[in-house]
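Let's take a walk through this structure together, going from one residue outwards to its surroundings. Keep the viewer open as you read.

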Amino acid sequence: MSTRVATSKQLALQRCIMPTCGATYDLGEVRTNCGECGSLLDIAYEWDRLPVPSHLREFEAKWTRRNDPLCRSGVWRFYELLPFAPPEKVVTIGEGQTPLMVSDGVGSFVGMKPGKLLLEYEGMNPSGSFKDNGMTAAFTHAHTIGAKRAACASTGNTSASLALYCSVSKLMQAVIFIGSGKISYGKLSQALDYGALTIQITGDFDDAMQRVREVSTRMGIYLVNSVNPFRLEGQKTIMLRVLESLDWQVPDWIVVPGGNLGNSSSFAKAFMELKELGLVDRVPRLAIINAKGADTLYELYENRGLRWNNGAPNTKITDGYYAELDAGHLRADTIASAIEINRPVNLDKCLRGLEFMNGVVREVNDQEILDAKAQVGASGLGCEPASAASVAGAKLLREQGVIAPDEQVVCILTGHQLKDPTATVAYHTSDQKEFDRVLGSRGVSRAAFANRAVQVDNDLDAIVRAIQLNS
Ligand SMILES: *Cc1c(COP(=O)(O)O)cnc(C)c1O
Ligand SMILES: [Zn+2]
């Protein structure tokens with residue numbers, strides 16, 4: 001495959017996702033929404049005039065060229081499916097070296113037959129979450145247009161990722177906005193350590209998101225939140241790597257936690273394009289899992305019937321729900337801080353994706369999330385709380401009979417286990433007071449899979465006895 005680039009207007013552009021509008025913008029324009037109708041934007045390609053592989057297997061040729069950073073990167077080795085920037089402008093730090101693993105331990109917890117439950121471990125990225133897949137793409141675009149500062153609002157992982165790309169590349173300064181409430185120490189420590197300018201405002205993620213949009217517009221700072229359509233181009237490759245790991249076979253289900261709904265939207269875009277290009281013959285079903293304390297998508301999609309509706313979603317349903325949230329002063333609240341979001345910015349894109357992938361939405365509570373997380377820790381590489389929503393959601397869908405025990409299910413583990421050690425230790429600790437302090441207030445009353453430390457006197461015989469008793 002050659003690497004012809006779609007930098008000219010004709011080969012790739014930004015396009016409004018609403019079919020009734022369809023306004024287009026040059027790749028060089030920095031936009032986070034449509035200037036005509038305010039909707040979200042996609043990156044659209046003129047595939048007919050680009051060198052697209054005729055089979056996904058052609059990407060295997062890149063496996064032998066690991067000395068080339070564009071082949072080693074788990075994002076950019078799929079360059080031909082996201083050719084929006086010249087190769088020499090690509091900023092990569094080796095993201096996307098992530099494994100897909102069968103876990104029969106987690107599978108039996110979920111209720112699957114052996115071999116049927118797979119975990120795509122995105123915690124293995126350089127900054128420890130899937131966000132690096134998107135950041136390398138947005139950062140590359142920012143670099144092509146000569147940005148000197150980049151900003152985001154974040155529950156933690158987006159800021160950790162941005163801060164890392166800035167510190168390693170030295171191409172831009174990172175300006176990150178966080179709320180005053182929950183941000184796990186693992187994530188905050190990354191932003192501080194990587195030297196990002198960190199602005200902590202009073203308020204939660206939804207407040208920080210609103211402010212960062214205003215500030216970026218006023219100060220001309222490049223915004224890398226997932227409203228940025230280039231980010232989702234990078235995140236498409238999570239699906240390509242899943243297919244790659246499955247020898248290019250399509251699984252039955254993709255299960256993913258839903259926060260701002262960028263990931264789920266990008267997965268759907270990946271399959272929309274693969275289908276259009278004839279590179280897959282079928283599409284998996286998508287399950288998006290909300291935390292109960294931040295369940296806007298679940299409420300709108302499953303309870304109030306909001307649908308993509310051929311590009312004309314009923315905005316009255318959404319506006320009405322948001323007005324209720326405001327009137328009741330209702331704030332998102334869950335231990336899964338990475339998905340503690342009440343106003344998902346990619347809602348419309350996600351609705352389109354749910355329709356295309358015949359999707360379902362479910363919600364799981366903090367107890368279910370932490371129990372699932374303990375199972376992932378015990379037999380599946382570990383993850384942070386938000387990631388475990390995918391496993392808890394798969395279990396729920398199994399119980400409801402929506403997922404069959406012999407279907408092939410891929411749960412996306414979005415973030416590394418060490419991102420939020422406070423939640424993990426509180427769950428496993430033998431100290432009931434600490435458990436109650438951190439978790440009790442969130443309705444978590446039991447730690448069914450707790451691995452408590454055994455307290456022993458500093459005495460050889462006592463220690464030997466304790467080991468014998470516990471093994
Ligand atoms: C950002 C994030 C999510 C949510 O992803 P969205 O694309 O915002 O829906 C889930 N889990 C982790 C660990 C995250 O960092
Ligand atoms: Zn538009």
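Leaving aside its neighbours within four places in sequence, which residues is Leu 347 in contact with? Before we look, please bear in mind that this is a predicted model. The partners are Leu 261, Leu 297, Leu 300, Leu 306, Thr 318 and Tyr 322. Leu 347 itself sits in helix α11, and its relative accessibility of 6% is under the 20% cut-off, so Leu 347 counts as buried. Another link across the sequence shows up here: Leu 347 and Asn 260 are 87 residues apart along the chain, yet 7.5 Å separate their C-alpha atoms.

Step back by one residue and you reach Asn 346, in the loop between α10 (315-327) and α11 (347-356). Is Asn 346 buried or exposed? With a relative accessible area of 0%, Asn 346 is buried. If we set aside residues up to four places away in sequence, Asn 346 touches Leu 40, Ser 226, Val 227 and Leu 232, along with Asn 260, Leu 261, Gly 262 and Ser 265. Asn 260 and Leu 261 are worth highlighting in your viewer: Asn 260 has just appeared in the C-alpha distance from Leu 347, and Leu 261 is one of the contacts of Leu 347.

Now for the nonpolar interior. In soluble globular proteins, nonpolar side chains tend to be buried together. Here the largest nonpolar core has 103 residues. Leu 56, Trp 76, Phe 84, Leu 162, Met 239, Leu 274 and Leu 297 have the most contacts inside this core. Helix α7 (residues 229-245) gives the most to the core, namely six residues. Where does this core lie with respect to the two domains? Domain 1 (12-49) and domain 2 (100-125 + 231-423) both give residues to the core, so the core lies between them.

The domains themselves come from a domain assignment of the chain. Taken over C-alpha atoms, the centres of domain 1 and domain 2 are separated by 25 Å. Ten residues from domain 1 and 15 residues from domain 2 take part in the contact.

To see the core from the inside, try Leu 56. Not counting residues up to four places away in sequence, Leu 56 touches Leu 81, Leu 240, Leu 243, Trp 248, Leu 274, Leu 279 and Val 280. Apart from this core lies another one of 32 residues, with Val 364, Ile 369, Val 391 and Ile 403 among them.

One of the partners of Leu 56 is Trp 248, found in the loop between α7 and β10 (253-257). Trp 248 has a positive phi of about 70° although it is not a glycine. Its relative accessibility is 8%, and Trp 248 therefore counts as buried. Asn 358 also has a positive phi, of about 50°, without being a glycine. Asn 358 belongs to the loop between α11 and β12 (360-364), and its relative accessible area of 47% makes Asn 358 partly exposed.

What about the empty space inside? Rolling a probe the size of a water molecule over the atoms shows where empty space is left. Counting cavities of 30 Å³ or more gives three. The largest cavity has a volume of about 300 Å³. It is lined by 27 residues, and the closest to its centre are Phe 130, Lys 131, Gly 259, Asn 260 and Ala 338. Asn 260, which we met as a contact of Asn 346, thus turns up again in this lining. The helices α4 (157-169), α7 and α8 (262-276) each supply at least two of the lining residues, and α8 provides the largest share, three residues. In character, the lining of the largest cavity divides into nine nonpolar, 15 polar and three charged residues.

The second largest cavity holds about 50 Å³ of space. Which residues line the second largest cavity? They are Leu 81, Lys 236, Leu 240, Ala 270, Glu 273 and Leu 274. Both α7 and α8 give two or more residues to this lining, with α8 giving the most, three residues. By type, the lining of the second largest cavity has four nonpolar, no polar and two charged residues. Leu 81, Leu 240 and Leu 274 in that lining are also among the residues that Leu 56 touches, which brings us back to the largest nonpolar core, where Leu 56 and Leu 274 have some of the most contacts.

Methods
Residues numbered from 1 in each chain as written. Chains lettered and ligands numbered in written order. Predicted model: local features only at pLDDT ≥ 70, side-chain atom pairs only at ≥ 80, totals over all residues. Heavy atoms only, no water. Core = buried A, V, L, I, M, F, W, Y, C linked by side-chain atoms within 4.5 Å. Buried < 20%, exposed > 50% of the residue type's maximum accessible area, 1.4 Å probe, protein only. Helix = DSSP H or I, 4+ residues; strand = E, 2+ residues; numbered from the N terminus. Domains from an automatic or database assignment. Contact = heavy atoms within 4.5 Å. 1 Å grid on protein atoms, 1.4 Å probe; cavity = no way out; pocket = protein on both sides within 12 Å on 5 of 7 lines; lining within 4 Å. Points joined across faces, edges and corners; volume = space filled by probe spheres on them. Nonpolar A, V, L, I, M, F, W, Y, C, P; charged D, E, K, R; others polar.
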